[in-house]
Each structure stands twice: as C-alpha cells, then as structure tokens.
Amino acid sequence: MNTYDVAVIPGDGVGREVADEGLKILDAVADKFGFGVKTVNYDWGCNYYLKHGAMNPADMLVTLKDFDAIFLGCIGDAGKVPDHVSLSLLLEIRKGFDQYVNLRPIRLYPGIQTPVRTATSQSVDFVVVRENTEGEYSRVGGFFKSDTPDAFALQTGVFTRKGCSRVMDYAFQLARERKMLGVGQTVGRVTNCSKSNALNYSMVFWDKIFDQVSAGYPDVTTDTALVDAITMWFVKNPEHFDVIVASNLFGDIITDLGAMLQGGMGFAAGANLNPEKQFPSMFEPIHGSAPKYAGKGIANPVATIESVRMMLEHLGELHAAQAIEKAIAQVLSGGEIKTKDMGGTHSTEQMGEAILGTLMAGN
Ligand code: IPM
Ligand code: MG
C-alpha cells in the first residue's frame, strides 16, 4: 500500500476551518481507494509570529523537504502582521522548493452562479500556468533616501532564460495533453500573456523565449495577448482560452479575475508544482484568509477540496481525484447546499459533509 506523508499548514483566518474539510475528504478517499495518508500539522502563521517573532522556524524547509506534499490553508492576518511580512512564508516555500509552476485551473462547475454573464460551464474551461519563482516576485530592490523628500523605492524583476523556458515548456506539454484528451472548449492552444509593448526588457525577453519554446511544439497553436487585453477577453470570450502562460505577477492578477468566472474565490484552487519532484509540491486554495470570517464556519471549502483533488492527481491517485471531482460536481449541480458566498446559509462543515457523503455513496 502506498502511504503519503503530507505536511499540513492550516495558517490563518479561515484556514483551519477549510483545511479540516479538505483533510476529512483526504482521509475518506484514502480508505476508499486503498492508500495511506499520514499528516503532520504545523501551526505556523500570524499567531506563531506573535509568540516567536517569525512566521515559521528558520529551518522550515528542512522540516518540510521529505514530505510527499504540502497542504496549505491560507496565510495572512493584517491586523496581526503586515502582509508583506506574513506572506514570506508562502513565497519562501514556493521559491525554496523550486515550485516553478503555479497551476490554476479555471472551470465553472454546473449550477454555480457567476457575476460574469458570458461564463458558463461550457465556455469556461482553461488553465493558467503561472511562473512561480522569479519575475516580478524576485524581491530584489530597496528603499533609498528614506524619509527625505528624495525618497525612492526600487523593485526589480528578474527573468531568466531557464525560468521562462521551463514554465513555458510545462504549458505547452499541458496543452498537448489536453488536446490528446480532448479537454476544454478550445483545444491545443497556448496563449502567451505579455506586456512587451511597455516592459521593453523583461517582456521582450519573455516573448522571445516564448517564440523559441513554441517552435518545439508545432502541434500546439499559439497566440499572444497583452495582459490588459487578456482581462478583457476573459470576460468577453472565455471560450477562446485553453492554456495561458503568464509571469508571476500577471498570473496572480488574471487568476483573481479567473476566480470570478468560476463563481468566486470559494471555487479557485491552485497547485505549486515542482514538476521534477525533487522537492515536495504545495496545494492551496487561492483565496485569502478572510480573518473577519474566521471561526464563523461560513467559508466555502470547495476551493480547498479542489486543492486536495489536485494534490492526489500530482501523487498519481487518479481514481481518488476523479471521485472527488465527481462528488463536488454532484453536490454543486444539486443546488441544495449553498454556503454564504453562494447566497445560501450552509456552513463550511455542511458543504464538506455533503461532498464527503456523496463521495462515500458513489462508486
Ligand atoms: C496568490 C496570492 C499570493 C501571491 C499573495 C498572498 C502573496 O495572491 O497566491 O495568488 O501574490 O502569489
Ligand atoms: Mg493572488
């Protein structure tokens, strides 16, 4: 029997509540599909910071490195720790474990309301492949002449040939795979998310590498769209997209818009992947920690359960992953269980239990 070691960092705000539902599902599918899961909890986050003066122990990466996967709830509570300090926990893991692909599927489950009129479960089925270790998030820069009238800040993006080409290769391989499986509305297309009209070094470099990488995939169609135009096209013609490859910051921005196409942040999941499996990958809902809702049991756990599904796919437990997908689809299309964000009154736990019950009853 395969047994997976999973490190769990529930984090801040609603993190604990949504993680609990995700972990119940994980345990249930392990039993049902005959594999083992051993979880270890780490209480790192803003409360840890208040006690220890740091978000996590200095040897966090050493502690985590031998796990098969990391499961993260959400991080941040600006009332306790400034966001640019607390979020270093997340960024340190992404970078430290070379999780260079941030994979964010944008799909609308049938039965879910979205504020975007063009979004239907047919028209919305694409994936954003976000670069996750460099670019605009390289944390290079500084404050200068602080507290003087001449004060300025510098923030430098770092784009390397290796960093750009490997994430683009991943996007092309994914598009090829989706084409083979016939997944999505548009098949076999990679859209390059750029801004080379204004960013005359970094994005010109990025575009050039995109052209070079794409030459290796003649079976995949390509197009390039500027990031500002992409936000427009997401709304106007979501069916145009299959796989989008984007830099760190652009990928961050367009996936929040993508979440609205999906019906809200409560449905948007993400995987931080080290595709070579040299290091553990990390799975998390992309929503924030919503401290004002913490402890109220009203957060939607679907994004978290979706992240568990992505974790199982990564670990190779495909039947378990499919069973989760089926159960989520069934509960959501049934339309009876709705959390607050969906206009209903069901709790985090009730949504989790409904998905769990459906999963256990299914075959
Ligand atoms: C995300 C988040 C993070 C990011 C923040 C919390 C640092 O917005 O995962 O999308 O910008 O990557
Ligand atoms: Mg974001």
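**Domain arrangement and two buried polar residues**

In this predicted model, the centres of domain 1 and domain 2, taken over C-alpha atoms, are separated by 25 Å. Domain 1 is made up of two stretches of the chain, residues 1-99 and 275-362, whereas domain 2 covers residues 114-262.

The size of an interface is often given as the accessible area that is lost when the parts come together. For domain 1 and domain 2 the area buried between them is about 820 Å², and 47% of this area lies on carbon and sulfur atoms. In terms of residues, nine from domain 1 are in contact with ten from domain 2.

Between the two domains one salt bridge is counted. In the salt bridge formed by Arg166 and Asp98, the closest N and O atoms are 2.8 Å apart. Helix H5, which spans residues 88-96, provides four residues to the side of domain 1 that touches domain 2, and this is the largest share of that side. By residue type, the side of domain 1 that touches domain 2 is divided into three nonpolar, three polar and three charged residues. Across the interface of domain 1 and domain 2, two residue pairs are found in polar contact, both at pLDDT 80 or more.

Two individual residues, one from each domain, may be described in further detail. Ser289 is placed in the loop that runs between strand E12 (281-285) and helix H10 (302-315). With a relative accessible area of 5%, Ser289 is classed as buried, because this value falls under the 20% cut-off. The side chain of Ser289 reaches the backbone oxygen of Gly76 at a distance of 2.4 Å. When neighbours within four places in sequence are left aside, the residues in contact with Ser289 are Asp12, Gly13 and Val14, together with Cys74, Ile75, Gly76 and Asp77.

In domain 2 (114-262), Asn248 is found in helix H9, which comprises residues 248-261. The relative accessibility of Asn248 is 2%, and this residue therefore counts as buried under the 20% cut-off. A polar atom of the Asn248 side chain lies 3.2 Å from the backbone oxygen of Glu134. Glu134 also appears among the residues in contact with Asn248 once neighbours within four places in sequence are set aside, the others being Arg130, Glu131, Asn132, Thr133, Glu136 and Tyr137.

Conventions. Residues are numbered from 1 along each chain as its sequence is written. Chains are lettered from A and ligands numbered from 1 in the order in which they are written. This is a predicted model: local features need pLDDT of at least 70, side-chain atom pairs count only at pLDDT 80 or more; totals for chains, interfaces and linings use all residues. Side-chain values use heavy atoms; hydrogens and water are left out. Domain bounds come from an automatic or database domain assignment. Contact means heavy atoms within 4.5 Å. Buried area is the accessible area (1.4 Å probe) that two parts lose on being put together, summed over both. A salt bridge is a side-chain nitrogen of Lys or Arg within 4 Å of a carboxyl oxygen of Asp or Glu. A polar contact is a pair of N or O atoms within 3.5 Å; within protein, one must be able to donate a hydrogen and the other to accept it, and residues adjacent in sequence count only if both atoms are side-chain atoms. Ala, Val, Leu, Ile, Met, Phe, Trp, Tyr, Cys and Pro count as nonpolar, Asp, Glu, Lys and Arg as charged, and the others, Gly among them, as polar. Buried means under 20% relative accessible area, exposed over 50%, partly exposed in between (1.4 Å probe, protein chains only).
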